[in-house]
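Colleague: I'm new to this one, so please take me on a close look at what sits inside it. Start wherever you like, and keep it informal.

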Amino acid sequence: MSFSFFKALRPKTPQEVAKSIKESLVALDTKTVSEVKALEKALEEVEKNFATMRTMLSGDGESEPNLDQVSQLVDEICKEDVLTLLIHKLPILGWEARKDLVHCWSILLKHKVDSNSCCVEYIEQHAELLDFLVVCYDNKDIALSCGIMLRECIKFPSLARYILESASFVLFFKFVELPNFDVASDAFSTFKDLLTKHVNVVSEFLTAHYDEFFDLYERLLTSPNYVTRRQSLKLLSDFLLESPNSQIMKRYILEVRYLKVMMTLLRDSSKNIQISAFHIFKVFVANPHKPREVKLILAKNQEKLLELLHNLSPGKGSEDEQFEEEKEFIIKEIERLSC
């Protein structure tokens, strides 16, 4: 007679995996700080279920994932509102569980079931989840995980548009200057993606919210923080000089207040900031339809500007010749002006 002490476990179906994930996340609701052991056990269960989800979605390193199972799992995760739980429980998840969730998040969003991006559609219908992820930048323990998840969401135009239009978008102007350098840098990466990934979406947003946006952006350009000034100036060039934003740029270079900002940045102690400021400043000067106020400011500061420009050099690099040509043109344009 033979005895089998260990019975091979039947692999869970996608439906069972989704159900287990949901149940283990819901179980966290009943745990309090006073029930430390119970909470630890519940978190271990979540971690185990997330590891199973990761294997089903991306394979085990030896075999590729079964696409039918992936589709079934994605479908179930949406049907059972698991996505909502995944996001709302982020603040109490352990490090390993968050790592697995971040890994799975991209796969969940990209995977299509019958040509439909189920998870993207789910988030479109529960857009407050995006607000939750944005606000999580205020929690340094999960900020970087949320940042990665947000940038995956921003790859989809509809989700990027929602964040830009939402009340939570203005929080980025605070988050990019948080005292924690890693969190602030991550927030700036997300902020940059929002303003550069989908140029047509951004153009529509800037057209509709021009005054509010550039009022806030001016604070970044004039920040006492060097990194903030440098990053925001470079980003301004990245999105303002894009062709779909040409009307925004034309409006921007008519305003004396923004010309003054660029003139101040031309005097910055940082060579990098000076050069970046020049590339926007030159558009103000080269504009053939400069308003009278802009001409007056340039003429009034003609001597100082010419001195700054004559001393401005990009240093070593392959673009020296083009830079010198542009600088010479701008110098001649300023020399033509008179009060």
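Modeller: A quick bit of vocabulary before we go in: Ala, Val, Leu, Ile, Met, Phe, Trp, Tyr, Cys and Pro count as nonpolar, Asp, Glu, Lys and Arg count as charged, and the others, Gly among them, count as polar. Also keep in mind that this is a predicted model.

With those classes in hand, let's start with the empty space. The structure holds 1 cavity of 30 Å³ or more, and the volume of the largest cavity is about 30 Å³. Its lining is made of Arg161, Leu164, Glu165, Val201, Glu204 and Phe205. Sorted by class, that lining comes out as 3 nonpolar and 3 charged residues, with no polar ones. Two helices each supply at least two of the lining residues: helix H9 (157–165) and helix H12 (199–208).

Now for the packed part. The largest nonpolar core has 117 residues. If you want to know where to look in it, the residues with the most contacts inside this core are Phe191, Phe214, Tyr217, Tyr252, Met262 and Phe281. Helix H17 (residues 271–286) gives the most to the core, namely 9 residues.

Take Tyr217 from that list and look around it. Leaving out residues up to four places away in sequence, Tyr217 touches Phe173, Phe191, Ser232, Leu235, Leu236 and Phe239. Phe191 is thus a partner of Tyr217 and is also among the residues with the most contacts inside the core.

Met262, from the list too, takes us to helix H16 (residues 256–266). This helix is mostly covered, with 8 of its 11 residues buried. The buried ones are Val256, Tyr258, Leu259, Val261, Met262, Met263, Leu265 and Leu266. What lies over them? The cover includes helix H13 (210–221), H14, helix H15 (246–252), H17, helix H18 (292–300) and helix H19 (302–310). So H17, the helix that gives the most to the core, turns up again as part of the cover of H16.

H14, another part of that cover, spans residues 226–240 and holds Val227. Val227 has a relative accessible area of 32%, so it counts as partly exposed. In sequence, Val227 and Glu177 are 50 residues apart, yet their C-alpha atoms are 9.1 Å from each other in space.

Next, hop over to Met53, which sits in helix H2 (residues 36–58). Met53 is buried, because its relative accessibility is 0%. Apart from neighbours within four places in sequence, its contacts are Val17, Ile21, Leu73, Ile77 and Cys104. Met53 and Val70 are 17 residues apart along the chain, with 9.3 Å between their C-alpha atoms.

Ile77, one of those contacts, is a good next stop. Ile77 belongs to helix H3, and it is buried as well, since its relative accessibility is 0%. With neighbours within four places set aside, Ile77 is in contact with Ala18, Met53, Val82, Leu83 and Leu108. Ile77 also has a C-alpha to C-alpha separation of 8.9 Å from Ile21, although their positions lie 56 residues apart in sequence.

Cys104, another contact of Met53, brings us to the cysteines. How many disulfides does the structure hold? It holds 0. A disulfide needs two cysteine sulfur atoms within 2.5 Å. The sulfur of Cys104 is 11 Å from the closest cysteine sulfur, which is in Cys119, so that pair is too far apart for a bond. Cys78 has its closest cysteine sulfur in Cys119 too, and at 3.6 Å that is still too far for a bond. Both cysteines are tucked away: Cys104 counts as buried because its relative accessibility is 0%, and Cys78 is buried at 11%.

Last, two loop residues with a backbone twist. Asp81 lies in the loop between helix H3 (67–79) and helix H4 (82–88), and its phi is positive, near 60°, in a residue other than glycine. Asp81 is partly exposed, as its relative accessible area is 39%. Ser115 is in the loop between helix H5 (95–110) and helix H6 (118–125). Ser115 is not a glycine either, but has a positive phi of about 70°. With a relative accessible area of 66%, Ser115 is exposed.

How values were computed:
Residues numbered from 1 in each chain as written. Predicted model: local features only at pLDDT ≥ 70, side-chain atom pairs only at ≥ 80, totals over all residues. Heavy atoms only, no water. Buried < 20%, exposed > 50% of the residue type's maximum accessible area, 1.4 Å probe, protein only. Core = buried A, V, L, I, M, F, W, Y, C linked by side-chain atoms within 4.5 Å. Helix = DSSP H or I, 4+ residues; strand = E, 2+ residues; numbered from the N terminus. Contact = heavy atoms within 4.5 Å. 1 Å grid on protein atoms, 1.4 Å probe; cavity = no way out; pocket = protein on both sides within 12 Å on 5 of 7 lines; lining within 4 Å. Points joined across faces, edges and corners; volume = space filled by probe spheres on them.
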